[in-house]
Amino acid sequence: MKAGLLLSVFSLIICTGTAQAVPQTINDNFIGGRPNYTAGPGTSVPANYLNYVRDTYRNADVIGNPNSFNIESMTVDFTGTNTLSVVINSSFFDNIGELGVGIGDLFISTDGWSPVADTRDDYAGTGEDWEIAVQLDSRDSLAGALNAYNLVAPSVVLSSVAAPAAGHVAIYRGEQEVRYNANGESAIAGGNWAIDTNANTLTLNITFNNTFEQIGGAAWGFHYAMTCGNDVIEGAASNTAVPEPSTLLLFGSAIIGALPLRRKA
Ligand SMILES: [Ca+2]
Ligand SMILES: [Ca+2]
Ligand SMILES: [Ca+2]
Ligand SMILES: [Ca+2]
């Protein structure tokens, strides 16, 4: 007896079981509170002008020209157990220095992100507390080193603008965390940053001394604004690595040929 020929072909593909970091994009849905103004020298403003400014700009995601100040998004990528890259997309990165406005530092929460439900009421005194500040060096250039610190309140710089010319008023979003000037704190992370004026991005590469697990929970929060706070972005990202699809088996069976059974008498 000769059995029919049955040829079964199967292939086996085994993916590595290592976890894979997935970049997480935070879109700018955060407005932030406390529009404010600075009057030029000798400029008088009507009584209750601050209330007028706050009412007028309460719904404004961007105060001023969006082509100069709009922040679009932030992409957070936990690329290892202690390395993190953050890319911020903003038209501002092609307009640095306009009206005296400079690039900001990055603020991180290591225990989640809980903004005021109506973010129009969220400013430095409300919403999430930031545990870590990432301070850029050489802020007047387009690239440099950076250090991160466990945040202490006195080192936080809030949003402001330079006084405009006499007879003018500059409106901005006040009371937002924009920079950090460490004063003797020990760095908990180092790294580098760079602006790309074609892509309109600021990229921060941050390497922590300890692992994310040692530093905080799985859910983190992020906050960024230029020094005037004219647009502010906040959002959440998880440092829990996403496991790749577990061992993946692919069976491809192919019957190459089957001959009819023949029996000997
Ligand atoms: Ca925006
Ligand atoms: Ca926090
Ligand atoms: Ca806040
Ligand atoms: Ca915003």
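These exercises with worked solutions concern a predicted model of one protein chain.

**Exercise 1. Confidence**

Find how confident the prediction is over the chain, and where the pLDDT falls below 50.

Solution. Start with the chain as a whole: its mean pLDDT is 89, and 83% of the residues reach 70 or more. Next, look for weak stretches. Residues 1-13 have a pLDDT below 50, although the model gives this stretch 31 contacts beyond near neighbours in sequence. Residues 247-259 also fall below 50, with 29 such contacts. Finally, decide how to treat these stretches: where pLDDT is low, the predicted coordinates should not be read in detail.

**Exercise 2. Overall make-up**

State which secondary structure elements the chain has, and what share of its residues is buried.

Solution. Count the elements: there are three helices and 16 strands. Then turn to burial: 36% of the 265 residues count as buried. Last, consider the contacts between residues at least 6 apart in sequence; of these, 72% join residues at least 24 apart.

**Exercise 3. The ten-stranded sheet**

Give the strand order of the open sheet of ten strands, and follow its pairings from E2 to E13.

Solution.
1. Write the order: E2-E4-E5-E13-E12-E8-E7-E6-E14-E15, with antiparallel pairing.
2. Mark the edges. Strand E2 (24-27) and strand E15 (232-238) each pair on one side only.
3. Note the turn between strands: on average, neighbours in this sheet are rotated by 20 degrees against each other, direction ignored.
4. Step from E2 to E4 (residues 71-78). Four bridges join this antiparallel pair, and isoleucine 26 faces methionine 74 in E4.
5. Step from E4 to E5 (residues 83-90). Seven bridges hold this antiparallel pair, a hairpin of four residues connects the two strands, and valine 76 is opposite valine 86 in E5.
6. Step from E5 to E13. Seven bridges again link antiparallel strands, with isoleucine 88 opposite leucine 202 in E13.

**Exercise 4. Isoleucine 206 and the core**

Decide whether isoleucine 206 is buried or exposed, and list its contacts. Then name the residues that touch the most other members of the largest nonpolar core.

Solution. First locate the residue: isoleucine 206 belongs to strand E13 (residues 201-208). Now apply the cut-off of 20 C-beta neighbours within 10 Å. Isoleucine 206 has 23, so it is buried. Leaving aside neighbours within four places in sequence, its contacts are Leu84, Val134, Leu146, Ala148, Ala189 and Gly191. The C-alpha atom of isoleucine 206 is also 8.2 Å from that of valine 86, a residue 120 positions away along the chain.

For the core, the largest one has 57 residues, and Ala133, Val134 and Phe222 touch the most other members. Among the residues that phenylalanine 222 touches are Ile26, Met74, Val76 and Val86. As a rule, in soluble globular proteins nonpolar side chains tend to be buried together.

**Exercise 5. Two positive phi angles**

Compare the settings of arginine 34 and glutamate 175: where does each lie, and is each buried or partly exposed?

Solution. Begin with arginine 34. Its phi is positive, about 65 degrees, although it is not a glycine. Arginine 34 sits in the loop between E2 and strand E3 (35-39), and counts as buried because it has 24 C-beta neighbours inside 10 Å.

Now take glutamate 175. Its phi is positive too, at about 60 degrees, and it is not a glycine. Glutamate 175 sits in the loop between strand E10 (169-173) and strand E11 (177-180). With 19 C-beta neighbours inside 10 Å, glutamate 175 counts as partly exposed.

Note on methods. Residues are numbered from 1 along each chain as its sequence is written. Chains are lettered from A and ligands numbered from 1 in the order in which they are written. This is a predicted model: local features need pLDDT of at least 70, side-chain atom pairs count only at pLDDT 80 or more; totals for chains, interfaces and linings use all residues. pLDDT is the predictor's confidence in each residue, from 0 to 100. Two residues are in contact if their C-beta atoms, placed from the backbone, lie within 7 Å. A residue is buried if 20 or more other C-beta atoms lie within 10 Å of its own, exposed if 12 or fewer, and partly exposed in between; C-beta atoms are placed from the backbone. Two strands pair if DSSP finds at least two bridges between them. Axes are lines fitted to C-alpha atoms, for helices over the stretch in contact, and angles run from 0 to 180 degrees between N-to-C directions. A nonpolar core is a set of buried Ala, Val, Leu, Ile, Met, Phe, Trp, Tyr and Cys residues joined through C-beta atoms within 7 Å.
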